[in-house]
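Welcome, and thank you for opening the viewer. Take a moment to rotate the view, and then follow the stops below one by one.

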Amino acid sequence: MKQLAAPNCTPEEAYMACTSAIIDDQQRERMRGVLPAISAIAAEFIDRASGGSTWQLPSLRVGRGEDPLVADDIRKSELVHLYEYYMVQREPGRAIYDSILVAAGDHCPTCGGIGQPRTLDHYLPKASYPKLAIVPQNLIPACRDCNTDKRNPLVDHPHQQLLHPYLDKRQFFEERWISVSVSHTVPCAIIYSVTPPEHWTDEDKARAANHFDLFGISKRYSVQAGSELGFLMDMHMNYFSRQSPEAFSDFLRSAANSVDMINGWKKVLYEALANNPWFCSGEFR
Ligand SMILES: [Zn+2]
């Protein structure tokens with residue numbers, strides 16, 4: 001739910017770089033022989049990720065231990081190995097890997113910046129889409145929790161398409177679709193939920209809800225908000241106790257405005273609290 005600029009490395013550049021480290025001339029040329037096929041599927045993937053139709057890309061469904069040919073005479077395992085060895089462990093592929101990871105900064109795009117990106121995750125898993133194994137636009141920086149939560153389910157329904165931080169519709173990153181409720185109790189409970197704009201299609205609403213559920217955003221956001229709330233209550237008691245509720249509300253609103261991510265836990269929380277007279281007048285005590 002955090003938008004990122006797409007990697008500036010093309011699928012063709014990544015493929016040529018990773019295969020350049022293959023020492024055996026014959027094997028390197030064999031692998032390079034399928035570059036047009038890689039290029040074509042990468043272009044289709046990029047197009048579909050932009051339009052929200054990656055679920056229609058045919059996936060490879062094979063049993064354990066099977067290793068079919070996936071492009072001319074190249075097997076699935078060879079493309080997976082190209083990623084796992086020539087992109088993750090060897091230069092010059094590793095430099096591409098690192099550049100994609102570093103470009104995300106400290107904020108995992110999938111969970112709205114709660115975690116720090118530690119690894120690259122395949123948007124469409126390499127086991128089912130081996131020809132996309134080293135396509136940079138299919139590689140998403142992920143924190144440990146998001147990487148674990150994803151569990152690589154088969155994406156065979158439009159609702160299951162995760163939000164793509166490079167290519168997806170801008171509405172997911174520019175419009176508010178997460179909201180928070182604050183109970184007027186002591187202590188108060190904070191619950192985040194999915195509330196997409198009415199004008200979104202049912203499919204896009206369902207995609208947002210699926211992403212939110214799959215990555216446990218509600219609980220993870222609430223944990224962040226819980227500790228922030230303690231800090232804000234202290235601040236109210238120490239610095240705003242003699243000031244008007246409006247002054248505290250203004251403070252919260254300006255803090256919300258200083259945060260970029262429209263669906264980030266902090267911006268959503270601060271805006272909700274700024275609009276909450278019960279909280280701004282210190283009745284949480
Ligand atoms: Zn994350």
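**First stop: helix H1 and its cover**

Start with H1, whose buried residues are covered by elements that include helix H2 (25-32), helix H3 (35-51), helix H4 (76-87) and H5. Before going further, keep in mind that this is a predicted model. Now select residues 11-19, which form helix H1, and colour Pro-11, Ala-14, Tyr-15, Ala-17, Cys-18 and Thr-19: these are buried.

Next, select Leu-82. Which residues does Leu-82 contact, leaving aside its neighbours within four places in sequence? They are Tyr-15, Cys-18, Thr-19, Ile-22, Met-31, Met-87 and Ile-134. Three of these names, Tyr-15, Cys-18 and Thr-19, should still be coloured from your selection of buried H1 residues.

**Second stop: the whole chain**

Zoom out and show the chain as a cartoon. You should find 12 helices and six strands. Along the principal axes, the C-alpha atoms fill a box of roughly 80 × 35 × 30 Å. The chain has 285 residues, and buried ones make up 49% of them. Among contacts with a separation of 6 or more, 67% are between residues 24 or more positions apart.

Now give residues 11-160 one colour and residues 171-280 another, and you have domain 1 and domain 2. Their C-alpha centres lie 35 Å apart. Look at where the two colours meet: 16 residues of domain 1 are in contact with 13 residues of domain 2.

**Third stop: the largest nonpolar core**

Select Tyr-15, Leu-82, Met-87, Trp-177, Tyr-192, Leu-252 and Phe-279 and show their side chains. Within the largest nonpolar core, which has 86 residues, these touch the most other members. Which helix gives the largest share of this core? It is H9, with seven residues. Both domains take part, as the core draws at least three residues from each of domain 1 (11-160) and domain 2 (171-280). As a general point, nonpolar side chains tend to be buried together in soluble globular proteins.

While you are at H9, which spans residues 217-239, pick out Ser-227. Is Ser-227 buried or exposed? Its relative accessibility is 53%, so Ser-227 counts as exposed. Show its side chain and you can follow it to the backbone oxygen of Gln-224, at 3.2 Å.

**Fourth stop: the zinc ion**

Select the zinc ion, then add the residues that hold its protein donors. The SG atoms of Cys-108, Cys-111, Cys-143 and Cys-146 lie 2.3 Å from the ion. Why is the arrangement tetrahedral? The four donor atoms around the zinc ion subtend angles of 105 to 113 degrees, and therefore the arrangement is tetrahedral. For comparison, the ideal angle for four tetrahedral donors is 109.5 degrees.

If you have the sequence panel open, look for the spacing C-x2-C-x31-C-x2-C among the donor residues. Cys-108 and Cys-146 link distant parts of the chain, 38 residues apart: Cys-108 sits in the loop between helix H5 (93-103) and strand S3 (119-122), while Cys-146 belongs to helix H6 (residues 144-150). Cys-108 has a relative accessible area of 0%, so it is buried. Cys-146 counts as buried too, at 1% relative accessibility.

From here, move to Asp-121 in strand S3. With a relative accessibility of 13%, Asp-121 counts as buried. Not counting residues up to four places away in sequence, Asp-121 touches Asn-138, Leu-139, Ile-140, Ala-142, Asn-147 and Lys-150.

**Last stop: backbone details**

Most residues other than glycine have a negative phi, and most peptide bonds are trans. Three places in this chain are worth selecting with that in mind:

- Glu-91 to Pro-92: this peptide bond is cis, with omega near 0 degrees. Pro-92 is in the loop between H4 and H5.
- Val-186 to Pro-187: this peptide bond is cis, with omega near -5 degrees. Pro-187 lies in the loop between strand S5 (178-182) and strand S6 (190-194).
- Asp-72: its phi is positive, near 50 degrees, in a residue other than glycine. Asp-72 is in the loop between strand S1 (69-71) and strand S2 (74-75), and at 62% relative accessibility Asp-72 counts as exposed.

Conventions. Residues numbered from 1 in each chain as written. Predicted model: local features only at pLDDT ≥ 70, side-chain atom pairs only at ≥ 80, totals over all residues. Heavy atoms only, no water. Donors = N, O, S within 2.8 Å, 3.2 Å for Na, K, Ca; no water. Tetrahedral: all angles 85-135°; square planar, octahedral: opposite > 155°, others 65-115°. Helix = DSSP H or I, 4+ residues; strand = E, 2+ residues; numbered from the N terminus. Buried < 20%, exposed > 50% of the residue type's maximum accessible area, 1.4 Å probe, protein only. Polar contact = N/O pair within 3.5 Å; in protein donor to acceptor, adjacent residues only side chain to side chain. Core = buried A, V, L, I, M, F, W, Y, C linked by side-chain atoms within 4.5 Å. Domains from an automatic or database assignment. Contact = heavy atoms within 4.5 Å.
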